Amino acid sequence: MTASASFRRATTKIQLHNVFQTYVVDNTVIGRDGQLAKAIEGEWDAVASLLSRKMRDGTYEFTSYREILISKGAQSRPRVVSVATARDRIALKALAGVIVEVFPEAKTPLAQVKVGELAFELKRTKFDSFVRIDVQNFYPSISHRAIQSRLERKLRQPRLRNLITRAISTPTVSVKSPRPNFSSIIGVPQGLPISNLLAEIAMADIDLALRGNIHATYFRYVDDILLLCNGVDAKSLFEDVKARCASIGLTVHDLKDGSKSEIGRLTDSFDYLGYKFSPRGVTVRRSSIHKLETTVIRLFTSYKYESARMSSPGWADKTAESLLRRLDLVIAGCVFENVPRGWIHYFSQMDDMTLLCRLDSYVSRLVVRFGLPAIFKPKSFVRAYWHVTKPNTSTRRYIPNFDRFTRADEESLLLALYPSMQTGVLDRLSTEELHRKFGSEVRKLVQMLDRDTSQTS
């Protein structure tokens, strides 16, 4: 299908409505207009007509994005995430669909896939060294010209290209700031449906050149670049990557003590995407383990205060059940929106069983420390690992797939997660309303799981 045909199909009212129902309506984030996505439902025909007409004629304007700051630690500037309005999210998701159809290579694989490829290569490589390169301010620095140059090769329709450019040029500002009268001239706003796709498109020529280099094996996941090579070639490879990145507006961390970029021997250990690789095997970086332990102890601490909040009959049992469901989710993860979620899924490429046993022991000690009854039996990191790496007929029972939940399953989980929730409240909801509520609550839990696997230090 041509890009023009793909764009025309993506901007029909029917397809826009599919996007709205599938990706937008249940989302509770709010853009600069302060409007929830559900508010669009009552005026859908008018919204759909406007979106379809203005996207097709190239006159659609995006509202400035709402700024959300995410801490990266005391020593780093916070990450800026851009939140679009509900109407703009429909347009952006539709554009993302077109981009994926025209540039299928732009779809980012799961990080676990990259780690698995690296682990396999390390077992057979004849190289003796590695070059690890970290790009500074990756998304905010990408050149619009580099993106436009790549888009022009396959997107012949200027209106479509201009619409994409307008989307990434729309500024991101705080809610209290006045309406901006400027456009961004560099960078890709993080958090939009098209952000990762356009970043991959901008890096495509660099990827192609380095994958063809006979002096190295090249790996990249977003802004983390790794090359396996011989020591004599390491410095020149670093300089080559540095120059190629500079050509699209990117700056890499220089090689110096304490830098995120480094050259080392494969006989030493090195970190990549939250993992730690060494001749002894593949394990998890200490900071990634600490994130998980912090989440687990927070769950137990919340249980302590929640169980003491009320003295009504059965309250202690309900809060313990809530803790168990949340803890099991952190340990074994889940499948949601066709994507495996959670710590054990992300780190399924490790082979450090000792670590998993230590984590199970850590949870067991907390169960005793917080005085939970003997019948309180959380899931096991070791068992979850085997279910993820060697699934069998019982895996679906051990690792929940929320996409397959029935109404009864959804009600049961919601009542268990929220002890104060009344059964009657859920009974009054239609199946569609219950499903939306369930999706909204699960999405919050998944965000917690995503934080545990984030590589932001």
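Modeller: Two strands count as paired if DSSP finds at least two bridges between them. With that in hand, we can go through this predicted model.

Biologist: What makes β10 and β11 a pair?

Modeller: Strand β10, residues 275-278, is joined to β11 over four bridges. The cut-off is at least two bridges, so the two strands qualify as paired. Their sense is antiparallel. One position can be checked by eye: K276 stands opposite T283 in β11.

Biologist: Why are β9 and β11 called edge strands?

Modeller: The sheet is open and has three strands in the order β9-β10-β11, with antiparallel pairing. β9 (270-272) and β11 (281-284) each have a single partner strand, so one side of each has no neighbour in the sheet. From one strand to the next, the twist averages 30 degrees.

Biologist: Why is the pairing in the β2-β1-β4 sheet called mixed?

Modeller: That open sheet also consists of three strands. Strand β1 (residues 65-70) runs antiparallel to β2, with five bridges joining them. β1 and β4, by contrast, pair in the parallel sense. One antiparallel and one parallel pairing give a mixed sheet.

Biologist: How do you know that β1 and β4 pair at all?

Modeller: They share two bridges. At least two are required, so the pair meets the cut-off. Y65 has T172 in β4 as its bridge partner. On the β2 side, R66 stands opposite V83 and L69 stands opposite V80.

Biologist: Which strands stand at the edges of that sheet?

Modeller: β2 (79-83) and β4 (172-173) do; each has a single partner strand, so one side of each is left without a neighbour.

Biologist: Why are helices α11 and α12 described as roughly antiparallel?

Modeller: α11 (residues 286-307) and α12 (residues 315-332) pack at about 170 degrees. Angles over 145 degrees count as roughly antiparallel, so the label applies to this pair. Their axes are 9 Å apart.

Biologist: Which residues of α11 and α12 meet?

Modeller: From α11 they include L292, V296, L299, F300 and Y303, and from α12 they include W315, A320, L323 and L327. By class, the contact has 10 nonpolar, three polar and two charged residues.

Biologist: How do you know what to call the crossing of α12 with α17?

Modeller: The axes of α12 and α17 (residues 407-417) cross at roughly 115 degrees and come within 7 Å. The roughly perpendicular range is 65 to 115 degrees, so the stated value sits at its upper limit. As that angle is itself given as rough, I would not press the label.

Biologist: What makes up the contact of α12 with α17?

Modeller: K318, E321, S322, R325 and R326 in α12 meet S412, L413, A416 and L417 in α17. Four of these residues are charged, three nonpolar and two polar. R326 also belongs to the α11 contact.

Biologist: What lines the second largest pocket?

Modeller: There are 14 lining residues, and F62, T63, S64, T170 and R179 lie nearest the pocket centre. The lining divides into six polar, four nonpolar and four charged residues. The space in this pocket is about 300 Å³.

How values were computed:
Residues are numbered from 1 along each chain as its sequence is written. This is a predicted model: local features need pLDDT of at least 70, side-chain atom pairs count only at pLDDT 80 or more; totals for chains, interfaces and linings use all residues. Side-chain values use heavy atoms; hydrogens and water are left out. Axes are lines fitted to C-alpha atoms, for helices over the stretch in contact, and angles run from 0 to 180 degrees between N-to-C directions. Angles under 35 degrees count as roughly parallel, over 145 as roughly antiparallel, 65 to 115 as roughly perpendicular and the rest as oblique. Contact means heavy atoms within 4.5 Å. Ala, Val, Leu, Ile, Met, Phe, Trp, Tyr, Cys and Pro count as nonpolar, Asp, Glu, Lys and Arg as charged, and the others, Gly among them, as polar. On a 1 Å grid over the protein atoms alone, a cavity is a set of points where a 1.4 Å probe fits but cannot get out, and a pocket is an open set with protein on both sides within 12 Å along at least five of seven lines; lining residues have an atom within 4 Å of a point. Grid points are joined across faces, edges and corners, and a volume is the space filled by probe spheres set on the points.
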